[in-house]
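Biologist: I'm new to this structure and would love a close look at one part of it. Could you take me through the strands, and then show me what lies around them?

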Amino acid sequence: MRLNVKYDIALTHILTRKKQTLIAAMGVTIGIALYIFSNSLSSGIGKYTQGEMFKSVPHIRIYKKDEISKPLFDLSDSNKVVVIQNPKITTLSKSIINPYGLLKNVKRQNYISFAAPQVNVDLFYINGKSQLKGVSNGVNILEADAMFNIQSTIRAGDLQSITSDLNGIVIGSGVAEKLNVGIDDNVTVLSAQGVKKVMRIAAIFSSGNKAVDESKSYVNISTAQQLVKENSNFVTDIYASLINPNVSEQYVQQLQEISEYNVEDWKTANADQLAQDKMLGAMTPLISFSIMLVAAFGIYNILTMTITQKMNDIAILKATGFKGNDIVIIFLVESFIMGFIGTVLGLLLGGVLIAIMQGVYIGPPIGYFPIYYDPKVFGVAAVFGLLASMGAGYYPARKAAKIDPVEIFRK
């Protein structure tokens with residue numbers, strides 16, 4: 001039995017039933033296109049969210065945790081009566097001891113791409129009678145820019161000028177709006193330690209996060225140390241960037257071994273946001289799978305109808321020497337052709353949808369629609385579409401293979 005005869009028969013069935021073939025293929029097309037679009041959108045939103053997160057959140061943060069004060073005597077002794085017990089956060093310094101020695105050790109790790117010290121200062125921004133509570137990050141602005149790409153968020157002014165100007169400050173757009181100040185205007189800052197300092201606004205940034213833009217600022221690290229009445233060795237945090245931030249949890253324990261302070265990765269610090277992203281990522285494939293399942297049922301129904309209408313033809317084929325496996329191959333080829341046409345059209349339609357959405361401008365801070373081409377998504381969609389089509393055609397094909405030609409001829 002020549003193999004091409006089976007293919008000729010399958011192709012003849014396809015060409016003589018063009019309308020049904022097109023309907024089945026369009027079901028696969030829509031399923032593939034929506035699968036590509038939804039997964040590309042989910043991936044794009046994930047990348048955008050992570051990118052925005054890394055503008056202010058480090059991959060790794062090393063800091064001294066707040067400690068709760070303890071009673072001065074042992075509570076385990078039941079013979080003692082506790083009259084007053086009032087645990088509170090201790091007011092001891094949050095400074096990291098020998099921060100630059102620890103920083104040097106962190107930089108030695110082969111999975112660390114960059115590390116820098118930081119001093120966090122709780123303060124008030126004051127302009128006339130207007131007061132606004134916030135927090136300022138004392139940094140070496142060049143190091144901070146290398147880690148968080150602050151320059152990409154600058155809307156006005158010169159970010160690097162605070163390197164040489166100890167009275168320079170970079171404020172969020174929300175702070176500038178609420179205090180009604182602009183570039184080169186003065187703003188007074190009052191730290192929690194009671195230090196008041198008049199600062200010149202060197203630059204204004206807009207991160208896209210309203211809470212951050214309405215509270216955060218950057219100053220020179222030595223200025224921050226002055227605001228908290230500390231010396232040049234005072235550091236509250238060490239921030240580190242990883243070569244591969246997606247596996248940050250693997251390095252927390254390793255960094256903990258070289259540090260007595262708390263080591264926190266970005267996934268732990270943003271667990272709630274990541275849980276929401278994970279939920280969205282889980283729902284998207286399920287929706288896409290449901291669409292593909294509907295398309296597969298379309299192929300199944302069409303092949304079942306074809307087999308019902310072609311009973312006599314199948315009986316003749318089996319009577320002339322075609323075996324059950326030959327019949328299975330014929331109808332599997334038909335389902336493959338339907339799936340192949342639908343998959344190719346689906347890949348093209350999915351690509352067109354992505355191209356269209358990439359040109360849609362949402363507005364600041366997002367800009368254009370966050371959807372990207374991902375070759376893996378296209379590859380999975382193609383394989384999934386073909387497998388779903390072949391799977392939908394297998395049961396009707398097996399049913400056709402079991403037809404008894406003698407019973408058909410008797411009828």
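Modeller: Let's start at a single pair of residues: N127 stands opposite S130 in β3. This is a predicted model, so please read every value here as computed from it. N127 belongs to strand β2, residues 112–127, and S130 to strand β3, residues 130–139. The two strands pair in the antiparallel sense, and 9 bridges join them. Together β2 and β3 form a hairpin with 2 residues between the strands. One of the residues to look for there is G128, which takes a positive phi near 65°.

Now stay on β3 and look for another partner. Strand β8, residues 216–220, pairs with β3 in the parallel sense over 5 bridges. A good place to see this is V135, whose bridge partner in β8 is K216. So β3 has an antiparallel pairing with β2 and a parallel pairing with β8.

V135 also takes us to the largest pocket. Which residues lie nearest the centre of that pocket? They are R61, N120, V135, N137 and Y239. Of these, N120 falls within the residue range of β2, and V135 and N137 fall within that of β3. The full lining has 45 residues, and the pocket's volume is about 1,100 Å³. By kind, the lining divides into 18 nonpolar, 14 polar and 13 charged residues.

From the strands and the pocket, let's turn to three helices: α2 (residues 18–53) and α12 (residues 324–358), together with α13 (residues 375–401). How do they cross one another? Take α2 and α12 to begin with: their axes come within 7 Å and cross at roughly 40°. These two helices are therefore oblique to each other, and their crossing is right-handed. The residues of this contact divide into 15 nonpolar and 8 polar, with no charged ones.

Next, follow α2 to α13. Here the axes come within 10 Å and cross at roughly 150°, which makes α2 roughly antiparallel to α13. In passing α13, α2 makes a right-handed crossing.

That leaves α12 and α13. Their axes come within 7 Å, with a crossing angle of roughly 155°, and this makes α12 roughly antiparallel to α13. Once again the crossing is right-handed. The contact of α12 with α13 has 17 nonpolar residues, 9 polar and 1 charged.

If you would like one thread to keep, return to V135: this residue has K216 in β8 as its bridge partner, and V135 is also among the residues nearest the centre of the largest pocket.

Definitions and conventions: Residues numbered from 1 in each chain as written. Predicted model: local features only at pLDDT ≥ 70, side-chain atom pairs only at ≥ 80, totals over all residues. Heavy atoms only, no water. Axes fitted to C-alpha atoms, helices over the stretch in contact; angles between N-to-C directions. Helix = DSSP H or I, 4+ residues; strand = E, 2+ residues; numbered from the N terminus. Parallel < 35°, antiparallel > 145°, perpendicular 65-115°, else oblique. Left-handed = near helix turned anticlockwise from the far one by under 90°. Nonpolar A, V, L, I, M, F, W, Y, C, P; charged D, E, K, R; others polar. 1 Å grid on protein atoms, 1.4 Å probe; cavity = no way out; pocket = protein on both sides within 12 Å on 5 of 7 lines; lining within 4 Å. Points joined across faces, edges and corners; volume = space filled by probe spheres on them. Pairing = 2+ DSSP bridges.
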